[in-house]
Amino acid sequence: MLKSFSNYKKALLIGIGGGADIIGTIPTKLFLESYGIKCILGGLPWERYSIDPFPGPRPFSQIINIDIINDSLCWAKPNTKTLDGLFFSESKASKVLKEKILLVNIFNSSAEISKDLISFCKKNKVDLIVGVDVGGDVIAIGDENGLSSPLADSIMLSALKRVGRTIETKIGVLGYGSDGELKHSELNNSLSLISKKKGLIGMQGITNDSSKLMRKLISKIETDASRIPITAFDGNYEPAKIRRGRLTIDVHPFSQVTFFIKTSIVFKYVSLSAKLIHKSSNIWESNSILLNNGFKTELDFEIKKHLISLEDIKL
(Lines give C-alpha, C1' and ligand atoms only; values in the text may rest on other atoms or scores of the structure.)
Protein backbone atom coordinates (compact mmCIF):
# COMPACT_ATOMS: atom_id res chain seq x y z
CA MET A 1 0.00 0.00 0.00
CA LEU A 2 1.12 3.58 -0.62
CA LYS A 3 2.52 4.62 2.77
CA SER A 4 0.82 8.02 2.63
CA PHE A 5 -2.61 6.29 2.77
CA SER A 6 -1.79 3.85 5.57
CA ASN A 7 -3.02 5.87 8.56
CA TYR A 8 -6.56 6.74 7.44
CA LYS A 9 -9.78 5.17 8.72
CA LYS A 10 -12.48 6.70 6.51
CA ALA A 11 -12.25 8.59 3.21
CA LEU A 12 -14.59 10.80 1.21
CA LEU A 13 -13.97 10.42 -2.53
CA ILE A 14 -15.52 13.19 -4.65
CA GLY A 15 -15.79 13.29 -8.43
CA ILE A 16 -14.90 16.97 -8.71
CA GLY A 17 -15.53 17.61 -12.41
CA GLY A 18 -19.24 16.80 -12.52
CA GLY A 19 -20.80 14.53 -15.11
CA ALA A 20 -19.72 10.92 -14.71
CA ASP A 21 -16.60 11.62 -12.63
CA ILE A 22 -18.30 9.54 -9.93
CA ILE A 23 -17.23 6.47 -11.96
CA GLY A 24 -13.63 7.63 -11.69
CA THR A 25 -13.73 7.28 -7.91
CA ILE A 26 -14.17 3.49 -8.13
CA PRO A 27 -10.51 2.43 -8.55
CA THR A 28 -9.57 4.57 -5.52
CA LYS A 29 -12.55 3.25 -3.53
CA LEU A 30 -11.62 -0.39 -4.05
CA PHE A 31 -7.93 0.34 -3.49
CA LEU A 32 -8.60 1.98 -0.12
CA GLU A 33 -11.26 -0.51 0.94
CA SER A 34 -8.86 -3.40 0.29
CA TYR A 35 -6.81 -2.02 3.19
CA GLY A 36 -9.78 -1.54 5.51
CA ILE A 37 -10.39 2.15 4.83
CA LYS A 38 -14.13 2.88 4.66
CA CYS A 39 -15.21 5.09 1.77
CA ILE A 40 -18.02 7.53 1.08
CA LEU A 41 -18.53 8.63 -2.53
CA GLY A 42 -19.55 12.08 -3.71
CA GLY A 43 -20.04 14.15 -6.84
CA LEU A 44 -21.58 17.28 -8.31
CA PRO A 45 -25.18 17.68 -9.56
CA TRP A 46 -23.90 18.88 -12.93
CA GLU A 47 -24.38 16.73 -16.03
CA ARG A 48 -23.05 17.55 -19.49
CA TYR A 49 -25.39 19.76 -21.50
CA SER A 50 -25.99 16.93 -23.99
CA ILE A 51 -27.56 14.98 -21.11
CA ASP A 52 -29.17 17.81 -19.17
CA PRO A 53 -30.11 20.80 -21.37
CA PHE A 54 -30.08 23.12 -18.37
CA PRO A 55 -27.11 25.47 -18.15
CA GLY A 56 -24.90 24.87 -15.16
CA PRO A 57 -25.19 22.68 -12.09
CA ARG A 58 -28.59 22.06 -10.55
CA PRO A 59 -29.27 23.92 -7.29
CA PHE A 60 -30.60 21.82 -4.43
CA SER A 61 -33.93 23.66 -4.77
CA GLN A 62 -34.44 21.92 -8.14
CA ILE A 63 -33.70 18.43 -6.81
CA ILE A 64 -36.13 16.10 -5.06
CA ASN A 65 -35.66 12.99 -2.92
CA ILE A 66 -32.50 14.24 -1.24
CA ASP A 67 -31.48 14.46 2.40
CA ILE A 68 -30.10 17.94 3.09
CA ILE A 69 -27.03 17.96 5.32
CA ASN A 70 -26.09 21.65 5.16
CA ASP A 71 -26.00 24.48 2.60
CA SER A 72 -23.29 22.76 0.53
CA LEU A 73 -24.04 19.06 0.93
CA CYS A 74 -26.89 16.60 0.57
CA TRP A 75 -27.35 12.85 0.20
CA ALA A 76 -28.45 11.48 -3.17
CA LYS A 77 -30.33 8.19 -3.39
CA PRO A 78 -31.49 6.00 -6.29
CA ASN A 79 -34.68 8.08 -6.64
CA THR A 80 -32.92 11.46 -6.49
CA LYS A 81 -33.81 13.52 -9.54
CA THR A 82 -34.55 17.06 -10.72
CA LEU A 83 -38.05 18.49 -10.63
CA ASP A 84 -38.20 17.92 -14.39
CA GLY A 85 -37.24 14.26 -14.10
CA LEU A 86 -33.47 14.04 -14.69
CA PHE A 87 -31.64 11.34 -12.71
CA PHE A 88 -28.04 12.28 -11.94
CA SER A 89 -25.02 10.07 -12.50
CA GLU A 90 -24.81 9.93 -8.70
CA SER A 91 -28.44 8.72 -8.47
CA LYS A 92 -27.66 5.89 -10.85
CA ALA A 93 -24.43 5.09 -8.99
CA SER A 94 -26.39 5.00 -5.75
CA LYS A 95 -28.71 2.39 -7.22
CA VAL A 96 -25.87 0.21 -8.54
CA LEU A 97 -23.74 0.50 -5.40
CA LYS A 98 -26.69 0.36 -2.99
CA GLU A 99 -25.39 3.30 -0.98
CA LYS A 100 -26.08 7.00 -0.63
CA ILE A 101 -23.86 9.41 -2.57
CA LEU A 102 -22.90 12.89 -1.40
CA LEU A 103 -23.77 15.83 -3.66
CA VAL A 104 -21.82 19.11 -3.44
CA ASN A 105 -23.48 22.45 -4.15
CA ILE A 106 -20.86 24.42 -6.09
CA PHE A 107 -23.04 27.49 -6.38
CA ASN A 108 -21.46 28.34 -3.03
CA SER A 109 -18.03 29.86 -2.56
CA SER A 110 -15.08 27.57 -1.97
CA ALA A 111 -14.91 28.96 1.57
CA GLU A 112 -18.51 27.91 2.27
CA ILE A 113 -18.01 24.49 0.66
CA SER A 114 -14.85 23.86 2.69
CA LYS A 115 -16.56 24.88 5.94
CA ASP A 116 -19.45 22.51 5.27
CA LEU A 117 -17.12 19.69 4.20
CA ILE A 118 -15.12 20.05 7.40
CA SER A 119 -18.31 19.95 9.46
CA PHE A 120 -19.48 16.81 7.63
CA CYS A 121 -16.11 15.10 8.00
CA LYS A 122 -15.88 15.78 11.72
CA LYS A 123 -19.41 14.49 12.31
CA ASN A 124 -18.81 11.35 10.20
CA LYS A 125 -15.22 10.74 11.35
CA VAL A 126 -13.79 11.21 7.86
CA ASP A 127 -10.04 11.82 7.98
CA LEU A 128 -9.25 12.01 4.25
CA ILE A 129 -10.85 13.61 1.19
CA VAL A 130 -9.70 12.71 -2.32
CA GLY A 131 -10.98 14.89 -5.16
CA VAL A 132 -10.97 12.72 -8.30
CA ASP A 133 -10.92 14.33 -11.73
CA VAL A 134 -11.37 12.19 -14.83
CA GLY A 135 -9.36 13.59 -17.73
CA GLY A 136 -6.88 15.75 -15.84
CA ASP A 137 -8.18 19.31 -16.27
CA VAL A 138 -7.62 19.93 -12.57
CA ILE A 139 -3.86 19.94 -13.19
CA ALA A 140 -4.09 22.30 -16.15
CA ILE A 141 -1.67 25.20 -15.91
CA GLY A 142 -4.08 27.52 -17.70
CA ASP A 143 -2.56 28.24 -21.11
CA GLU A 144 -3.66 24.98 -22.78
CA ASN A 145 -5.68 25.70 -25.93
CA GLY A 146 -8.08 22.82 -25.42
CA LEU A 147 -8.96 23.66 -21.83
CA SER A 148 -12.68 24.42 -21.82
CA SER A 149 -14.13 23.25 -18.49
CA PRO A 150 -11.98 24.55 -15.63
CA LEU A 151 -14.76 26.02 -13.48
CA ALA A 152 -15.95 23.04 -11.43
CA ASP A 153 -12.42 21.70 -10.97
CA SER A 154 -11.16 25.11 -9.86
CA ILE A 155 -13.91 25.64 -7.29
CA MET A 156 -13.40 22.18 -5.84
CA LEU A 157 -9.60 22.45 -5.85
CA SER A 158 -9.89 25.78 -4.05
CA ALA A 159 -12.28 24.25 -1.50
CA LEU A 160 -10.04 21.22 -0.90
CA LYS A 161 -7.04 23.50 -0.46
CA ARG A 162 -8.95 25.21 2.36
CA VAL A 163 -10.12 21.92 3.87
CA GLY A 164 -6.51 20.74 3.90
CA ARG A 165 -5.75 23.08 6.78
CA THR A 166 -7.94 20.89 8.98
CA ILE A 167 -8.41 17.52 7.26
CA GLU A 168 -6.01 15.79 4.87
CA THR A 169 -6.90 16.13 1.19
CA LYS A 170 -5.42 14.76 -2.02
CA ILE A 171 -6.17 15.05 -5.72
CA GLY A 172 -6.64 11.99 -7.90
CA VAL A 173 -6.33 12.20 -11.71
CA LEU A 174 -7.65 9.34 -13.82
CA GLY A 175 -7.93 9.09 -17.60
CA TYR A 176 -4.87 11.02 -18.77
CA GLY A 177 -6.60 13.31 -21.26
CA SER A 178 -9.69 11.11 -21.66
CA ASP A 179 -12.02 14.13 -21.86
CA GLY A 180 -10.23 15.50 -24.93
CA GLU A 181 -9.15 18.81 -23.41
CA LEU A 182 -5.49 18.42 -22.41
CA LYS A 183 -2.94 16.81 -24.69
CA HIS A 184 -0.62 14.14 -23.30
CA SER A 185 2.31 16.55 -23.70
CA GLU A 186 0.47 19.14 -21.58
CA LEU A 187 -0.35 16.59 -18.89
CA ASN A 188 3.30 15.54 -18.97
CA ASN A 189 4.35 19.15 -18.37
CA SER A 190 2.00 19.48 -15.39
CA LEU A 191 3.04 16.15 -13.87
CA SER A 192 6.70 17.03 -14.37
CA LEU A 193 6.22 20.29 -12.48
CA ILE A 194 4.24 18.52 -9.74
CA SER A 195 6.91 15.85 -9.36
CA LYS A 196 9.73 18.39 -9.20
CA LYS A 197 7.84 20.14 -6.39
CA LYS A 198 7.52 16.80 -4.53
CA GLY A 199 3.77 16.74 -5.11
CA LEU A 200 3.36 13.30 -6.72
CA ILE A 201 2.32 10.81 -4.03
CA GLY A 202 1.98 7.69 -6.14
CA MET A 203 -0.14 5.85 -8.70
CA GLN A 204 -2.73 3.07 -8.69
CA GLY A 205 -4.03 1.19 -11.71
CA ILE A 206 -7.41 -0.38 -12.41
CA THR A 207 -7.81 -3.97 -11.16
CA ASN A 208 -10.11 -6.74 -12.34
CA ASP A 209 -12.47 -5.92 -9.47
CA SER A 210 -12.58 -2.17 -10.12
CA SER A 211 -12.96 -2.85 -13.84
CA LYS A 212 -16.03 -5.01 -13.23
CA LEU A 213 -17.65 -2.39 -11.01
CA MET A 214 -16.85 0.45 -13.42
CA ARG A 215 -18.43 -1.53 -16.26
CA LYS A 216 -21.62 -1.94 -14.23
CA LEU A 217 -21.78 1.82 -13.70
CA ILE A 218 -20.94 2.59 -17.32
CA SER A 219 -23.85 0.39 -18.42
CA LYS A 220 -26.19 2.75 -16.51
CA ILE A 221 -24.41 6.10 -16.82
CA GLU A 222 -23.67 7.85 -20.11
CA THR A 223 -20.00 8.76 -20.25
CA ASP A 224 -17.04 9.19 -22.58
CA ALA A 225 -14.17 10.24 -20.33
CA SER A 226 -14.82 7.57 -17.67
CA ARG A 227 -15.11 4.85 -20.31
CA ILE A 228 -11.59 5.44 -21.67
CA PRO A 229 -9.78 3.99 -18.61
CA ILE A 230 -11.62 0.72 -19.24
CA THR A 231 -10.69 0.90 -22.93
CA ALA A 232 -7.06 1.20 -21.83
CA PHE A 233 -7.42 -1.62 -19.29
CA ASP A 234 -8.63 -3.83 -22.14
CA GLY A 235 -5.45 -3.05 -24.09
CA ASN A 236 -7.00 -0.98 -26.86
CA TYR A 237 -4.27 1.64 -27.27
CA GLU A 238 -5.55 3.39 -30.37
CA PRO A 239 -7.43 6.60 -31.23
CA ALA A 240 -10.96 6.70 -29.81
CA LYS A 241 -13.82 9.04 -30.65
CA ILE A 242 -15.64 10.82 -27.83
CA ARG A 243 -18.27 13.57 -27.48
CA ARG A 244 -20.48 11.84 -30.05
CA GLY A 245 -17.71 11.74 -32.60
CA ARG A 246 -16.60 15.38 -32.36
CA LEU A 247 -13.25 14.64 -30.72
CA THR A 248 -10.62 11.96 -31.20
CA ILE A 249 -8.22 11.13 -28.37
CA ASP A 250 -5.26 8.80 -28.03
CA VAL A 251 -5.77 5.99 -25.53
CA HIS A 252 -2.59 5.48 -23.52
CA PRO A 253 -1.52 2.89 -20.92
CA PHE A 254 -1.57 5.77 -18.41
CA SER A 255 -5.29 6.24 -19.15
CA GLN A 256 -6.08 3.47 -16.63
CA VAL A 257 -3.90 4.90 -13.86
CA THR A 258 -4.98 7.21 -11.05
CA PHE A 259 -2.24 9.68 -10.11
CA PHE A 260 -2.42 10.80 -6.48
CA ILE A 261 -1.15 14.34 -5.95
CA LYS A 262 -0.78 16.74 -3.03
CA THR A 263 -3.60 19.30 -3.18
CA SER A 264 -1.41 22.14 -1.95
CA ILE A 265 1.14 21.60 -4.73
CA VAL A 266 -1.49 21.62 -7.48
CA PHE A 267 -3.01 24.78 -6.05
CA LYS A 268 0.24 26.67 -5.43
CA TYR A 269 2.33 25.74 -8.45
CA VAL A 270 0.00 24.52 -11.19
CA SER A 271 -3.59 25.77 -11.29
CA LEU A 272 -3.85 29.46 -12.15
CA SER A 273 -7.65 29.19 -12.40
CA ALA A 274 -8.04 27.91 -8.81
CA LYS A 275 -5.89 30.73 -7.47
CA LEU A 276 -7.88 33.32 -9.43
CA ILE A 277 -11.26 32.24 -7.99
CA HIS A 278 -10.04 31.35 -4.50
CA LYS A 279 -11.70 34.35 -2.84
CA SER A 280 -14.82 34.61 -5.02
CA SER A 281 -18.22 34.59 -3.33
CA ASN A 282 -20.14 32.18 -5.63
CA ILE A 283 -20.04 30.31 -8.91
CA TRP A 284 -21.15 33.36 -10.91
CA GLU A 285 -18.28 35.50 -9.68
CA SER A 286 -15.86 32.63 -10.26
CA ASN A 287 -17.13 32.24 -13.80
CA SER A 288 -16.77 35.96 -14.52
CA ILE A 289 -13.24 36.03 -13.13
CA LEU A 290 -12.15 33.16 -15.35
CA LEU A 291 -13.78 34.64 -18.45
CA ASN A 292 -12.17 38.03 -17.76
CA ASN A 293 -8.79 36.31 -17.54
CA GLY A 294 -9.12 34.64 -20.93
CA PHE A 295 -10.41 31.23 -19.85
CA LYS A 296 -13.25 29.36 -21.51
CA THR A 297 -15.68 27.80 -19.03
CA GLU A 298 -18.26 25.03 -19.16
CA LEU A 299 -20.88 27.34 -17.63
CA ASP A 300 -20.38 29.97 -20.31
CA PHE A 301 -20.59 27.30 -23.01
CA GLU A 302 -23.84 25.91 -21.62
CA ILE A 303 -25.45 29.34 -21.21
CA LYS A 304 -24.63 30.23 -24.82
CA LYS A 305 -25.84 26.84 -26.02
CA HIS A 306 -29.08 27.30 -24.09
CA LEU A 307 -29.69 30.78 -25.53
CA ILE A 308 -29.21 29.44 -29.04
CA SER A 309 -31.72 26.64 -28.38
CA LEU A 310 -34.24 29.18 -27.07
CA GLU A 311 -33.81 31.26 -30.22
CA ASP A 312 -34.40 28.14 -32.33
CA ILE A 313 -37.61 27.49 -30.41
CA LYS A 314 -38.80 31.04 -31.09
CA LEU A 315 -38.15 30.58 -34.80
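## Nonpolar cores and the surroundings of Ser-149

In this predicted model, the largest nonpolar core comprises 53 residues, and those with the most contacts inside it are Leu-12, Ile-106, Leu-117, Phe-120, Ile-139 and Ile-261. Helix 4, spanning residues 151-163, supplies the largest share of this core, namely eight residues. Apart from this core lies another one, of 28 residues, which includes Tyr-8, Ile-26, Leu-32 and Val-132. In soluble globular proteins, nonpolar side chains tend to be buried together.

Phe-120 can be followed further: when residues up to four places away in sequence are not counted, Phe-120 touches Leu-12, Ile-40, Ile-69, Leu-73, Trp-75, Leu-102 and Val-126.

Two members of the 28-residue core, Ile-26 and Leu-32, are also among the buried residues of helix 1, together with Pro-27, Thr-28, Lys-29 and Phe-31. Helix 1, which runs over residues 26-33, is thus described as mostly covered, with six of its eight residues buried.

A polar site is found at Ser-149, which lies in the loop between strand 6 (128-134) and helix 4. Ser-149 counts as buried because its relative accessible area is 18%, while the limit for that class is under 20%. Leaving out residues up to four places away in sequence, Ser-149 touches Asp-137, Glu-181, Lys-296 and Glu-298. The side chain of Ser-149 makes polar contacts with the side chains of Asp-137 and Glu-181, at the distances listed below.

| Side chain | Partner side chain | Polar contact distance |
|---|---|---|
| Ser-149 | Asp-137 | 3.1 Å |
| Ser-149 | Glu-181 | 2.5 Å |

Definitions and conventions
Residues are numbered from 1 along each chain as its sequence is written. This is a predicted model: local features need pLDDT of at least 70, side-chain atom pairs count only at pLDDT 80 or more; totals for chains, interfaces and linings use all residues. Side-chain values use heavy atoms; hydrogens and water are left out. A nonpolar core is a set of buried Ala, Val, Leu, Ile, Met, Phe, Trp, Tyr and Cys residues joined through side-chain atoms within 4.5 Å. Buried means under 20% relative accessible area, exposed over 50%, partly exposed in between (1.4 Å probe, protein chains only). Helices (H or I, at least four residues) and strands (E, at least two) are DSSP runs, numbered from the N terminus. Contact means heavy atoms within 4.5 Å. A polar contact is a pair of N or O atoms within 3.5 Å; within protein, one must be able to donate a hydrogen and the other to accept it, and residues adjacent in sequence count only if both atoms are side-chain atoms.
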